[in-house]
Amino acid sequence: MPISPCREIPGAPQRSSPPQSSSSTVRTPASSTTTTSPFQKTNFPPRKHDTSSGDAGSSHRPELLYAATISDHIKVKFDQGFEVREVMTGFESRWVHLGNIAGQVTSRGLKKLLAAYQVETLNVPEPSEKPVTVKVQFASTAEAMKAVADLHGAEFMHRNITAKLAINNSVRGNTVITDTDVQVAWECPQRVGYAGYATLKEAKVVIDAVNGFPMDYSVVSATLYDGVPAVGAYNVMFKQLPANTTEADLRKLGDAESIMLGRPNYLSLDRATKFIRSKLEECGIITTFDILPPPHRDGMVKAWARFTSPAEARSAQEYLDGRHPSSIGLSTLSCRHVVSISHVLTRSSYTKMREDLTWLRWSWQRRFGHSVAITEKGNTRGFDDSPVYIRLSSEQAGLLSRLKYEFEQLLNGETVTFDKKPAWDDFFRGPAGHAFIDQLHRQYPGIQIQVQGTRRVLSLWGPIVMRHRARHDIIRKVMDLKLQQFWHIPLAGKVLGVFVSADLTTLQDALGPGNCFLDYGKRSLIVRGNESAFRVACEAVQAAQSRQGDDARSSDVICPVCFNEVVVPTSLECGHKWCRTCLTGYLTSAVDNKMFPLRCLGDEATCTRCIPLSLARKLLPAADFNAVIEAAFWSYAHNRPDEFYHCPTPNCTQVYRSAPPNAVLQCPSCLVRICPACHIESHDGLTCEERDAAEDKLFKEWTSNHDVKSCPGCKAPIERSEGCNHMTCIRCQTHICWECLATFPKGAGIYDHMRAMHGSIGI
């Protein structure tokens, strides 16, 4: 995660000049001391300053706040001790784009529309015959979000306008949503053929060989039939034969007694295609026209035409759908306006979800027929490393929204959540957590679990039923960890300084980093676990105490970390002196300890003065200083789970604050649109309640077609593949009657029950 440091910004409130673009930036002209800040003005409490001499005390002015950009878009101000003072996420913008505004709108009309808000800048475009977009800068990000929630979809000058927050990023991503397409379908040039065979065996051999066989541009089908024309003892009818098929072509398939060919519906596919395209062009400007390559299954040619506007696409449907032009043999032409979502997948991503994609297509076509479509193009067979193109399409926006949600659950993986918050514990960072994840990988083949320690989330990919089971195990583990006991061991005097160095690292290696950490404020060691872990920690503290004798040396020459005479002394503002290496180690250890702000440990860790950032920058290499900056911010964000939320896209490091329920946020990094009420990807066209129902639809659909039930003991899903009705849950070891889900401790009496109540044991 790159960090972009900016010049230091005075801590006193400043008047900020409005930015000159829609994205907020920190400007630092080399020839001027004036600083443009994207942060709202904040009155900080006055900070005391010690004028004592030393490395950090050479200046008599208060230290300036340090401004840095984390993960490209999160702007943060840090005070002494790496204490976070202000945060501006990449989601927060004062600029709003109002779309679908009438081209003849006036400044006066817009000011009336925006009268309820504090507006700083209003960019009114030149009059136009077409709808225009108006850019508005509000006084604050909160005001901008409120305007978006209020105005999006509102009627203004007889139009329903759109309102979107501006984002600070260029467009990049693998998904495109289009509502200007039409799907066109018509019969390819074809004819029907009949052949008679002397024996039923000969006829069946030909049928087996021909069914699904591609001839030229068409896929042929063959069936036995009774009726006219009767051309042999056993008659076979061939459908979707290419228009230029001859009797000689059919005789190559088998020794037919007699053959008859029907008249083709028409002869030239090229001529038919040119005619259809010309009719589409009468409805508007076509930017692309793509025909699915042959062979054409079911005897139908399918093409996609893209117009420049949804209105043109709707006009094409009204004009052409259901017509019977002579150029296609008076057969029916289908022309439907569809909304489509196109995804570009890497070969590895496609391979990972191919099985689920096949099942998803079958599930949706079974439920909704041809009203939805999932098509694949490109490198589907894996000949090279080129991408695969997936298109989801439907005539109904609501159906497409649901299909998109289910598809992207498979594509992007799901964040394991509990009570709508990421299910997480620092246990997953350590060796024991890695072993637990490895065990799940072995137990549930096909899944992939990613531990994202910085974001403190777990992400899941793989087949839906295996994902569901792994998610259940992870949530259960997190709940078990939350129930473990916390032990507080006080660290008197110099022992606290000792634990900042090697002792804490050694103890964390033994118990796990998330199970052992220091609370500097309470001067204690926090241990999570059972009594055995508590005893191990107590022994470590006692060992540290035994190494520290009664040292009567003056504290002004003793390092508060190593408790020896300072070597290469570094003085702080408070007057305490540290060994240079000890202070450097203290600063870098904060990356793992994450206990901020960083304070002096003098006077037996009772000193309250924070470590100046100017001194930290002198002592640490740039990479180490940035690592501490990053750790300080993430510690701040993770300690405020009700204020900051992670972008739901796996591997995206952006965070955002809550917004009005009707608002839709857009990530400045991955460009995903987010529902601030559900804290997941925006479910366009669905309410939050409908989204909750859709979340489990895939799993419920799967269970309805398989022998799956929930264990009455632990509620985990169980599938019976074979054997009798006596089932034992592998997770909680409950003995279950599969027919009625009755439970039997240690299995006692279950077979008598099955015979008495169900007539058999189910074999």
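Let me start with one residue pair: Phe486 stands opposite Arg528 in strand E29, where strands are DSSP runs of E with at least two residues, helices are runs of H or I with at least four, and both are numbered from the N terminus. Before going on, I should say that this is a predicted model, in which local features need pLDDT of at least 70 and side-chain atom pairs count only at pLDDT 80 or more, while totals for chains, interfaces and linings use all residues. Residues are numbered from 1 along each chain as its sequence is written, and side-chain values use heavy atoms, with hydrogens and water left out.

Phe486 belongs to strand E27, residues 486-490, and E27 is joined to E29, residues 524-528, by five bridges in an antiparallel arrangement; two strands are said to pair if DSSP finds at least two bridges between them. On E27, Trp487 and Ile489 make up the covered face, whereas Phe486, His488 and Pro490 lie on the uncovered one. In a regular strand the side chains alternate between the two faces of the sheet.

Next, an open sheet of three strands, ordered E34-E35-E36 with antiparallel pairing. Its edge strands are E34 (665-666) and E36 (680-681), each pairing on one side only. E34 pairs with E35, residues 673-675, over two bridges, and within E35 Ile674 is the bridge partner of Leu665.

Finally, is Gly430, in the loop between strand E24 (421-422) and helix H9 (431-443), buried or exposed? Gly430 counts as buried because its relative accessibility is 5%, where buried means under 20% relative accessible area, exposed over 50%, and partly exposed in between, with a 1.4 Å probe and protein chains only. Its C-alpha atom is separated by 9.1 Å from that of Leu511, 81 residues apart along the chain.
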